[in-house]
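Please examine the structure shown below. The questions that follow treat the fold of one chain and then the relation between the copies.

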2 protein chains.
Amino acid sequence: MTKPFSFSLNATDGGARTGLISTSRGDIRTPAFMPVGTAATVKAMHPEHVAQTGADICLGNTYHLMLRPTAERIDRLGGLHKFMRWDKPILTDSGGFQVMSLSQLRKMTEKGVTFQSHIDGSKHELTPERSIEIQCLLGADIQMQLDECPPFPITQEGARDSMELSIRWAKRSKEAFKDMAGPHQALYGIVQGSTFEDLRRRSLDALLEIDFPGYSVGGLAVGEGQEEMFRVLEFTTPHMDTTKPRYLMGVGKPSDLVGAVARGIDMFDCVLPTRSGRHGQAWTKNGPINIKNARFVDDETPIDPSSDCPASSQYSKAYLNHLFKAGEYLGPMLLTWHNLSYYQQLMGEMRDAIAEGRFGAFEREFHEAQNK
Amino acid sequence: MTKPFSFSLNATDGGARTGLISTSRGDIRTPAFMPVGTAATVKAMHPEHVAQTGADICLGNTYHLMLRPTAERIDRLGGLHKFMRWDKPILTDSGGFQVMSLSQLRKMTEKGVTFQSHIDGSKHELTPERSIEIQCLLGADIQMQLDECPPFPITQEGARDSMELSIRWAKRSKEAFKDMAGPHQALYGIVQGSTFEDLRRRSLDALLEIDFPGYSVGGLAVGEGQEEMFRVLEFTTPHMDTTKPRYLMGVGKPSDLVGAVARGIDMFDCVLPTRSGRHGQAWTKNGPINIKNARFVDDETPIDPSSDCPASSQYSKAYLNHLFKAGEYLGPMLLTWHNLSYYQQLMGEMRDAIAEGRFGAFEREFHEAQNK
C-alpha cells in the first residue's frame, strides 16, 4: 500500500481535461464521478454493482461515520474499505459541511466546531486535526481539509472571514496530515470565497502556497444556480495548478457535470443519482423521467436498451412503474443502479471526447439530446 | 414450451422423498423451497441473486397481482416470467388465502368470493374459474385450485362444510383449467379438513377421484403449532398418491421443513426467510440470530464463512449490525439474500441425505446444531 498518490494529464480540449489519478488502491480515470456512500454503503446498491457501473472511487461521509459506527470502530474492524467491501479508492469529506447542515447546537470557534449528534444528541468536537485523525482511522485514500462552507447568499465581508478561517484550518489540516497519513494518501485543500472573484483568488493563492496534491472547489451548489456556478468556475479554474486534480464538491445534474468539465473540473460527487433513483427519477441521455408517471404503466421498453447495465436494459418501464407503485425495495435498487450507470457512461463519453479533441461537439450533442 | 409437466421420484428414506419435477421452464429438485415473490418481486432481491441461491422455482401471489398491476396488464406485457425477469418455473396460489387475510367486506357464496381491494377499495370477484383465468394470464407453470382456508381452531362441522366447498371448487377449477391451460402447466388440488383425521381422508379421497398432477396440503401453519401440524401430516401423507408431488403451503421455519420432509412433503413456500431478513433476523445452522443485537457490534466474522453466498460469507456481522442500525437498504438486501441462501442450502442437504439413505442421521445432526 505504498504506491504514492499521483496525477497525470493525458489530454486537454479547450478547458476540459482528461487524465489519471494513481493510488495504491487503483487508478481513477478523470473526469470522474464518485457515487456517495454516506454511511459506508452506496444506498440500495450491492458494492459489486457499484463497481460494475464503472465507478473507480466512492465517497464516505466523515460526519455520519464518526457518529455511527464511529471511526474507532471501523479502524478496529480493519478500515472502511474492508468494512463496506469496497477495495477501490475512497474519498472522505472533512465532516464540516454536514455538521453545518445536520447537527444541532453548533458552536464554531477558531479551534473548530462543537455540536450535538442528530442521531442521539451526544456531544462531539470536530477540529482540523480531529477531522484528519478520523479520515486516517477510516483509511481514506483522498481526504479533505476541514473548512467552513458559508451559506449563500453571504456578504463579501462574511465570505472573506469564513474563507480566511478555512485557510488557517487548511494549514493545520496539512500539519496533522503530515503526522498521521502515508504517502499513498492525499489531502486536498478547498477553495472558498463564495461568488466573489477576489476572494476566490485570495483563497487559491493561499492554498497554492500551502501546497496540496489536489484542490477542491467548495461553497458551490448551495443555491446559487448553474449560471452563477459556471461563472465562478470561469474565474477560478484558470488560476488553479494545472498539474493537480480539481474536485467540484457536491455537483451535480448531468448538465452541471458537462459544463463543469468544460470549465476544467476533474472530479465530482453528488447524491443526486442515488437519491433521485430512490424517488423514482431516472436520468437518461434524453433528460430525466419520473418512472411513477402513468404514461409508463404499459411501456414494455427498458430505460436504455443499448446499456450494458441490467437495470437500464433488461427491465421494462412498466415493471419499474409497478415496483414503485407497490413500494417494493427493487424499485429504488434498480433505479439507483441505472442512474449510477448512466452517470458513469456520461463520464466515459466525456473522457473519450476530450481525448479525441471533440469535446465541443460532444457538448452540443449532449444538449440537443437532453431536450429531445 | 410444450414439454409436459411431470414428476419422478429418485429415492425415499423412511417417509422422506427426493425427486424431480420437470417443467417446460426447467427442473425443480425436491424437496424444494420456493421463495415468495408476492408482487412480482422477491422483496429486496435482484432476480439473478434469487437464482444464485439455488431456487429452482419461485411463487407469485394471485391476490396481489390481480389488484396491481392486474393479470390483464401482465398478460399484455408478455406474462409474469418476462415481467419480473424470472425464466424458471413460477407457482401461483389461487388468491383465496389472501382474500381472507387482507381484503375488506368479503362475501362468500357457493359461486365464489366478492371483496374490496385493500389498496383502493375497488370491488372484485374471485371464483374458481376466475382464479384459473388469472393464473393462466400470469402464465404460471404450477397453479392452485381456489379453496377456502378455514380459521383455526374451527368446529368439526365448520371444517367439514368448508372442506366440502373446497372439493366442489376443486372440480370447477379442474374444468376451467382444462379449457384454459396447456400440457406444460399443472393444477394442484388442495387437501383441507383442519386437524380432523376423517375430514383430511375425505378431502384426499375426493381429490384423488378428481385426479390432479400434484397435491397441496392447505389449512396448516395457521396457528396450530408444529406438533399438531406434524400430527396432521402423519395421518395425511401416507394416504397421498406416491407418484405425485406434495406441497405444504406457507411453511415454514427450518425445523418445520425438516420435520415435514421426514413426513413425506416435497415442496414448501414461506415468507419467513424474506420477511425476517428484512427485520434483522438471520437463520443459520445454529439457529436464528438477531443481527441488531449489541453483541454483534464489533463482530468481524461473517454469518457463515463456508457459504458460497457473498451475503453470508463476505460481510461482517458488525457491518450488517451497522446497516440495520442506520436503516440502510443494504441491510435487508443482504440478510434476505443470506436467508434464502441458507434455506436452499438446507434443502440441498436434505436432498443429498435422502438420496444417500441417511436422512435420520441428518435430522439428528440438524437438531443438535440448531440448539448449539
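Two residues are in contact if their C-beta atoms, placed from the backbone, lie within 7 Å. This is a predicted model, in which local features need pLDDT of at least 70 and side-chain atom pairs count only at pLDDT 80 or more, while totals for chains, interfaces and linings use all residues. Residues are numbered from 1 along each chain as its sequence is written, and chains are lettered from A and ligands numbered from 1 in the order in which they are written.

Q: Among contacts in chain A between residues at least 6 apart in sequence, what percentage join residues at least 24 apart?
A: The contacts considered in chain A are those between residues at least 6 apart in sequence. Of these, the share that joins residues at least 24 apart is 67%.

Q: What percentage of the residues of chain A count as buried?
A: A residue is buried if 20 or more other C-beta atoms lie within 10 Å of its own, exposed if 12 or fewer, and partly exposed in between; C-beta atoms are placed from the backbone. Chain A has 372 residues, and the buried share is 54%.

Q: Which C-alpha of chain B is nearest the axis?
A: Copies are superposed by least squares on the C-alpha atoms of residues with pLDDT of at least 70 in both. A turn of 180 degrees and a shift of 0.0 Å along the axis lay chain B on chain A with an RMSD of 0.0 Å. The two copies are therefore related as by a two-fold rotation axis. At 3.9 Å from this axis, the nearest C-alpha in chain B is that of Y329(B).
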